[in-house]
Amino acid sequence: QHDHLVDVRDEMHVLELPCHSRRSKHKSAAQAEKEFKEDPLGSCPVLWVRIDPDVEWAKSMDFRQPHYAWMQALKMERDVVGQYEACQGLTNAAEDIFINALSDTLSNGKLYYRVRTMAAAALATSYVESDQTAGLNKVLSFFRRRFMYESGAMKQNNFAQITDYFLQRGIVAGVAGVIAKEAMEIAGEFLLSVLNSNDNAGNVYDDDYFVADMLTCTARMCLRLESNDTVDRCYQEILRYLAVSELVPAQNGIILGAATNALAELAVAKRKISTEGNASFRNEVVDTLLEVISGVASNTPFYESRKGSLRALMRLESGSLGILKMVLSLADGHVEGSKPTNPASSSRLRRAALREILRASQNDAQVRLGLRANTKAAAEVCR
């Protein structure tokens, strides 16, 4: 290992560092170059490179090096940050040797759980040309072996081992990030099965954040799959969790907030895949979702779930100034039938609503046009 101190002062900085290696006396430069091209992993004198290994810089960095260098770092690095960076670098790896290295990392119980969850996320997006599900299958195989019965149903949650809790959450999030079309369909079925069979009856710890992750990830997968059947099944699961959360409220209303946002995602997905033949059904679904989300936003006492509901409203109907007024009215508690709002909570919600309006105006051309065409109305909305 060789450390080099570098003084970076300009936006563009080109640096050449010495390589501490010796070429065999019996090899010419041409022969050495040929061997490197044939076997870069075995012939390169530099195994891997790390920038700022002690994490002393406040920086945002996009660092690239060959996948074989990241694999060497993953296998030989003893620093947790280095292992985590190596897993990130192996994202979208397209060879079996790299996929196997990530799979070994995921299965290694001695490693830090964040390294293993990052390995799961990288593995889910990795595939080879002959098999688009190569990496995803290894992730699902590990999850089923560890957390599911042979029948496909989930085992009862047991979060006594904190590592298992974070692994379950990390794998669900990683599976939702698959990029290959064939893998998306498998991932969607897997997420729906986990959402359907989740069992926390014998667990002494709450699974609220795990359920919230599943709802969010499943809805986002439905948005990418654009399948009517998948959207309908996910819709029924979300309504089931909404009903349960009304009877047994989760901590800070986290499930309620995740469910309402998931409903908004499904409504958007339904619009994308609808045709004239099922337009009426789509409109009925959207109306139902708006009614559910509006009721949650005006009646729930939890700040997080109310904020999530306001975000969902903006997600659904972000182009309407009437919706903007409704959002701020819900935040202030000035809607007929809504519960009185604590002034401090109302102020926080109004700020959150304004942030959602500004975010929508940045991301949605329709909102920008509406605000420009109705300057006075927009100013009154945001007053």
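**Salt bridges in a predicted model**

Hi everyone, let's begin with one pair: D62 and R64 form a salt bridge, and their closest N and O atoms are 3.2 Å apart. Both of these residues are exposed. Please keep in mind that what you see above is a predicted model.

As a quick reminder, side chains of opposite charge can pair when their charged atoms come close. How many salt bridges does a search of the whole structure find? The search finds nine, and I'll walk you through a few of them.

Next, have a look at D213 and R169. Their side chains meet in a salt bridge at 2.6 Å, N to O. This pair links distant parts of the chain: D213 sits in helix α10, residues 208–225, while R169 belongs to helix α8, residues 162–175, and the two are 44 residues apart.

Now for E189 and R233, whose salt bridge has its closest N and O atoms 3.0 Å apart. Here too, distant parts of the chain are linked, with E189 in helix α9 (residues 181–197) and R233 in helix α11 (residues 228–247), 44 residues apart. Are these two buried or exposed? E189 counts as partly exposed because its relative accessibility is 38%. R233, at 32%, also counts as partly exposed.

There is a network to find as well: salt bridges with shared partners join R50, E77, D79 and E85.

Finally, let's visit a loop. E129 lies between α6 (113–124) and α7 (134–147). E129 has 86% relative accessibility, so this residue counts as exposed. Along the sequence, E129 and E95 are 34 residues apart, yet in space their C-alpha atoms are 8.7 Å apart. Thanks for listening!

Note on methods
Residues are numbered from 1 along each chain as its sequence is written. This is a predicted model: local features need pLDDT of at least 70, side-chain atom pairs count only at pLDDT 80 or more; totals for chains, interfaces and linings use all residues. Side-chain values use heavy atoms; hydrogens and water are left out. Helices (H or I, at least four residues) and strands (E, at least two) are DSSP runs, numbered from the N terminus. Buried means under 20% relative accessible area, exposed over 50%, partly exposed in between (1.4 Å probe, protein chains only). A salt bridge is a side-chain nitrogen of Lys or Arg within 4 Å of a carboxyl oxygen of Asp or Glu.
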